[in-house]
Amino acid sequence: GLYLATEGIDGSFINRIGADKNSALFHPIPYNIDYGRIYRESQSLAEGERGAWLDDSTRDGADFKYRGDSLEEYSGIFNNAVTKYSSVDAALVIEAIRSLEPSEVLATPEDYWDIEKVVKFFVAAAFAPNCDSYLGNTSQNYYLLLSKGKLSVIPWDHDRAFHLDDFKIAGSDNAAVDWPIDSPLI
C-alpha cells in the first residue's frame, strides 16, 4: 500500500513498533554535499556520467561503504543519532557496514541486518523512483534502527517519489519514473 507519513520517527516511534527499549536510532545525513550543484550537474550530465558531487568522500558514511573502524569515518550516521547509543552499538553498526563489503566479510550481512526489512525497503525504493533517497544522488532520507542486535532501514521523506518532473535523464524527455526497475537510479 501507499502511506502518508504523519508520525515523527523518534523515541515514541520506537515504542510503538515494539522495538527493544535500548534500541539506537540514527538519521544518517551526508554533510558535504552541495545540493544546488547536484541539481545543476544532474541536469547537464549524459546518462552514465558521474559528477564530482558523487565522490564517496561526501557521503560521511551514510552510504553503507566500509571506511574503517573509526566513528569519525561515519559522522553522517553517528552525529545524527536520534537516541543515545553505546560504544557497543557503534561497533555493531560499523561491523554491519563492514559485512556488506565482499573483501572485508568476517560475518555475513544476515548476522547484522534484518534482511527481510532491508530488502523491503530497497524494493520499495527501486519501485518508487525517488532521486532524493538512499538510491538517489545523496544516500539520504532514511533512518537506521538498531534493535535486538540487528539493523533495519526505515524510509523517510519520500515526498518526491514518482515526481515526474524531477531528475530527467539528460538529453531525454523521460522522467525518472520511466527508468527500468532493474537499473538503479545512480
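**A tour from helix H4 to the strands**

Start by selecting residues 87-98, helix H4, in this predicted model. At 1.5 Å a residue, its 12 residues should span 16 Å, and the end C-alpha atoms are indeed 16 Å apart, so expectation and model agree.

Now step back to Ser86, which caps the N-terminal end of H4. Show its side chain: an oxygen there lies 3.3 Å from the backbone nitrogen of Val88.

Next, colour the buried residues of H4: Asp89, Ala90, Leu92, Val93, Ile94, Ala96, Ile97 and Arg98. What do they pack against? Bring up strand E1 (24-26), helix H3 (75-78), strand E2 (142-147) and strand E3 (150-155).

Stay with E2. Six of its six residues are buried, so the rest of the structure largely encloses this strand. Look at the side chains: Tyr142, Leu144 and Leu146 point one way, while Tyr143, Leu145 and Ser147 point the other.

Which strands pair with E2? E1 does so in the antiparallel sense over three bridges, and here you can pick out Phe26 with its bridge partner Leu144. E3 is antiparallel to E2 too, over six bridges; select Tyr142 and its partner Pro155 to see one of them. Between E2 and E3, the hairpin has two residues, and Lys148 takes a positive phi near 55°.

Finally, zoom out. The protein has five helices and three strands, running α-β-α-α-α-α-β-β from the N terminus. Of its 186 residues, 44% count as buried. Among contacts between residues at least 6 apart in sequence, 63% join residues at least 24 apart. Switch on the surface to finish: about 10,400 Å² is accessible, 53% of it belonging to carbon and sulfur atoms.

Definitions and conventions. Residues are numbered from 1 along each chain as its sequence is written. This is a predicted model: local features need pLDDT of at least 70, side-chain atom pairs count only at pLDDT 80 or more; totals for chains, interfaces and linings use all residues. Side-chain values use heavy atoms; hydrogens and water are left out. Helices (H or I, at least four residues) and strands (E, at least two) are DSSP runs, numbered from the N terminus. The expected span of a helix is 1.5 Å times one less than its number of residues. Buried means under 20% relative accessible area, exposed over 50%, partly exposed in between (1.4 Å probe, protein chains only). Contact means heavy atoms within 4.5 Å. A polar contact is a pair of N or O atoms within 3.5 Å; within protein, one must be able to donate a hydrogen and the other to accept it, and residues adjacent in sequence count only if both atoms are side-chain atoms. Accessible areas come from the Shrake-Rupley method with a 1.4 Å probe; for residues, only the protein chains shown count as cover. Two strands pair if DSSP finds at least two bridges between them.
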